[in-house]
Protein chains: 2
Amino acid sequence: MKRRRWFFVKAASVLLLAAPLAADEKAAPKPPLTMGSVLEASRASDWMPLDQANTLYMQLPGKQVVIRLVPEFAPQHVANIKTLVQEGYFDGLVIVRSQENYVVQWGDPAEEEADRRPMKKGKDALPAEFDQVVSDHLSLIRHPDGDVYADVVGFVNSFPVAMDSDTGRIWLTHCYSMMGAGRAESPDSGSGAELYVVIGHSPRHLDRNVTLAGRVVQGMEILTTLPRGTGGLGFYEDPKQYVPIESIRLGSDLPESEQAHLEILRTDTKTFHDLVESRRNRHESWFADPTGHISLCNVPIPVREKD
Amino acid sequence: MKRRRWFFVKAASVLLLAAPLAADEKAAPKPPLTMGSVLEASRASDWMPLDQANTLYMQLPGKQVVIRLVPEFAPQHVANIKTLVQEGYFDGLVIVRSQENYVVQWGDPAEEEADRRPMKKGKDALPAEFDQVVSDHLSLIRHPDGDVYADVVGFVNSFPVAMDSDTGRIWLTHCYSMMGAGRAESPDSGSGAELYVVIGHSPRHLDRNVTLAGRVVQGMEILTTLPRGTGGLGFYEDPKQYVPIESIRLGSDLPESEQAHLEILRTDTKTFHDLVESRRNRHESWFADPTGHISLCNVPIPVREKD
């Protein structure tokens with residue numbers, strides 16, 4: 001919605017446009033934060049490299065999607081996905097579904113048929129991993145602006161989460177680009193053999209209804225621009241429309257030269273705190289109203305190429 | 001995230017899965033609402049036809065996008081867009097921008113150049129129409145689940161809105177598929193000659209920063225699947241990537257045979273109220289957790305072909 005001639009943010013006197021300042025801030029005004037200035041000031045230790053043992057590389061014709069797995073929240077699903085990947089289960093399967101403002105999904109189109117692809121060591125069904133009791137190893141960075149769906153939201157290890165403070169249960173949230181494991185009617189029927197990625201406005205009603213297992217960190221635009229399926233729920237009606245998956249590989253099984261050298265901004269850092277503030281209160285001169293709030297799924301988790 | 005074999009929702013004993021019921025509801029349980037059952041029970045008067053005098057038809061090669069304008073909130077921008085449409089301003093212009101998880105935008109790629117397309121009666125800049133004082137002609141249907149960005153949210157004439165109850169000011173919100181008028185640095189620099197549509201997670205920080213003027217009601221999948229631009233902010237770097245706009249026409253200037261005969265669910269109806277309830281508490285048997293809430297931009301505004 002910027003017109004092209006205001007392509008780059010001007011370093012104008014943006015404080016004039018900012019929200020009213022508190023008295024002490026007036027006394028000693030700080031330079032306003034923008035996402036650009038915050039990231040520019042970040043230190044190497046604010047970033048973490050991809051853990052290649054928990055990174056998937058999905059090869060589509062001429063294109064690659066990189067996915068960060070999240071064993072902290074879905075240990076059994078992540079382990080099973082890795083087992084399936086290592087036995088080559090996904091290689092030659094297809095993207096079966098692309099539903100407008102919702103999800104893209106892949107797996108075995110014959111999964112209900114007698115000739116479905118057999119698994120070797122992989123399991124066909126797993127207990128639901130919808131949520132868990134919060135524990136010390138999950139260091140929650142609370143988000144300040146509340147949420148429509150949960151009483152606490154925030155970030156754990158650079159993933160968006162929600163928590164019920166009454167029960168102490170915590171779960172991953174269905175923000176844009178999160179990846180989950182499709183399931184049938186029973187909550188315990190998912191396995192990770194059929195996976196979906198959120199491509200529209202975040203469908204938070206799926207939280208705690210299906211197991212989330214990761215997030216796309218590179219290549220979202222490949223999934224979002226796939227033609228939509230014309231069948232119910234966006235399934236492709238004609239097998240000719242399926243998008244072939246050449247392979248899915250685990251990063252730690254690839255030579256280093258074929259790994260993506262990406263870094264994720266750590267959410268347990270002052271830099272991330274400043275980033276959130278810079279997005280809550282927009283100081284870029286284009287903004288007439290700095291907003292003053294941001295919802296969980298609008299907070300960007302920056303990813304960069306490692307130097 | 002449904003596996004294919006659970007394609008259709010089963011009519012199981014879904015009350016068992018629903019949220020705890022109030023005592024009086026236990027005494028006389030109502031059949032659970034689903035979006036399907038609510039729409040099936042709707043009456044003709046729950047729907048309104050497109051107002052062809054405020055409907056745009058954007059022709060792309062072999063495809064058509066239908067946009068509902070909203071003069072109640074942006075009278076000057078809507079009037080100017082209609083003037084520009086009627087003088088053929090957009091015909092032969094292009095889609096210049098497709099930014100992942102954000103917006104698609106169209107207009108004159110030469111707008112900063114000496115050879116930019118001249119306007120005849122259309123105006124090049126208009127006063128901002130970011131918000132207005134709520135008045136009797138805007139009948140607000142309040143949404144029950146709160147919001148991160150505003151203290152009141154809801155619907156007016158089947159558009160999503162937010163309101164500040166202290167000031168009584170009301171505005172359209174940047175939900176998925178909403179269309180706005182790009183502007184330069186000055187809030188009063190937009191005109192409707194450059195238009196954008198939200199294609200990602202709803203960027204609510206743009207609310208009250210830019211004038212919204214309508215919503216795509218048919219053809220979103222055409223815009224969302226356009227290749228992303230590789231330039232800054234998703235602008236196409238190579239003019240060969242531009243998507244040509246064959247024409248934009250106003251419905252009331254078209255013969256009836258070329259108009260889309262669509263109906264929008266009215267938000268000031270019991271049916272819409274029931275629809276929201278059916279989405280706040282998901283009674284389809286697949287849902288393990290009925291959720292109990294829904295955020296403004298997750299509420300669907302159904303559109304159907306007129307019989």
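The following exchange takes up the pairing of strands and the relation between two chains.

User: What kind of model is this, and how are residues, chains and ligands labelled?

Analyst: This is a predicted model, in which local features need pLDDT of at least 70 and side-chain atom pairs count only at pLDDT 80 or more, while totals for chains, interfaces and linings use all residues. Residues are numbered from 1 along each chain as its sequence is written, and chains are lettered from A and ligands numbered from 1 in the order in which they are written.

User: What makes S16 and S17 of chain A a pair?

Analyst: Two strands (DSSP runs of E, at least two residues, numbered from the N terminus) pair if DSSP finds at least two bridges between them. Strand S16 (residues 262-265) of chain A and S17(A) have three bridges in the antiparallel sense, so they meet that definition.

User: Why are S1 and S17 of chain A called edge strands?

Analyst: In chain A, three strands form an open antiparallel sheet in the order S1-S16-S17. Strand S1 (47-49) and strand S17 (303-305) of chain A each pair on one side only.

User: How do you know what relates chain B to chain A?

Analyst: Superposed by least squares on the C-alpha atoms of residues with pLDDT of at least 70 in both, chain B falls on chain A after a rotation of 180° with 0.0 Å of shift along its axis, at RMSD 0.0 Å. That is therefore the relation of a two-fold axis.

User: Why do the copies meet through the same surface?

Analyst: Contact requires C-beta atoms, placed from the backbone, within 7 Å, and 59 residues of chain B are in contact with 58 residues of chain A. The copies meet through the same surface because 98% of the interface residues of chain B are also interface residues in chain A.

Technical notes:
Helices (H or I, at least four residues) and strands (E, at least two) are DSSP runs, numbered from the N terminus. Two residues are in contact if their C-beta atoms, placed from the backbone, lie within 7 Å.
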